[in-house]
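User: I would like a close look at a single helix of this protein and at its surroundings. Please explain the reasoning in steps that a first-year student can follow.

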Amino acid sequence: DKDYSVLEASHTTHRGWCEPSVKERSMICLGPSFNLVYVFRSWFTGVHGHFLHDNLPVIAWLRQIMPPQATLLLVKDALSERIMDLADHEFATQRIAWVAYNALTCAAEARLLAPPSPQWREHGLLRLLRSWIRPPGIASLAPNSHTEAVTIYYSRRKSQSVQHGRYMLKAHEEAILSLIHSKMKVALKGVHSRLVVYNGHLSNG
């Protein structure tokens, strides 16, 4: 993708790269050493929503362009590891190395991914992600099938747990739910289906 840059780690003039300090350069590498690593810089480590819609599409692209001998380095986070394992167990266990904060990792060659802008979602990576986690040719549900098609909508309505102020008005979200439901009826005609609204909480609160 011409809108993205994969740069040598020695290239320090691009946005988001900090030259290692003297202290960091003197640290001893105690972990495994890699031949070739790709590093994806992200601000959203450990944040469920941002990992899904900001990180996963870029990881899908990296998975496509990384040579077979390369390893992807990601910041260690239990939730992110679980998501990656669900998305692609083989890729998660064989091609990704999870590195803890402030840990030093050694590699013969490192390449840093530099995103083009906050509008990267316009560059088609979500379509690439969908083709990865839901490959073409997946079996369709037949009409009158006993299997239920479930669509999950993550509610963005204002609630006590929403602290950042970025929420939808009730009428806006109800209009979105109505649109989703109507599209489900068309796409899943004759198939038993259900629309579930998830508010970010477990059933016990």
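Analyst: The following account concerns helix α6 and the loop after it. The model is a predicted one.

Helix α6 comprises residues 170-187, which makes 18 residues. At 1.5 Å a residue, a helix of this kind should span 26 Å, and the end C-alpha atoms of α6 are indeed 26 Å apart, so the expected and the computed span agree.

The next step is to ask which residues of α6 are buried. They are Glu 173, Leu 177 and Met 184. When the helix is viewed down its axis, these buried residues fall within an arc of 40°, and therefore they line one face of α6. A residue counts as buried when its relative accessible area is under 20%, and as exposed when that value is over 50%. On the other side of α6, the exposed residues are Ala 171, Leu 179, Lys 183, Lys 185 and Val 186.

What do the buried residues of α6 pack against? Their partners are two strands, β6 (149-154) and β7 (193-198).

The loop between α6 and β7 contains His 192. This residue has a relative accessibility of 46%, and His 192 therefore counts as partly exposed. Along the chain, His 192 and Val 150 are 42 residues apart, yet their C-alpha atoms are separated by 8.8 Å.

In summary, α6 has a buried face that packs against β6 and β7, while exposed residues, including Lys 183 and Lys 185, are found on the other side.

Terms used:
Residues numbered from 1 in each chain as written. Predicted model: local features only at pLDDT ≥ 70, side-chain atom pairs only at ≥ 80, totals over all residues. Heavy atoms only, no water. Helix = DSSP H or I, 4+ residues; strand = E, 2+ residues; numbered from the N terminus. Expected span 1.5 Å × (residues − 1). Buried < 20%, exposed > 50% of the residue type's maximum accessible area, 1.4 Å probe, protein only. Arc of directions from axis to C-beta. Contact = heavy atoms within 4.5 Å.
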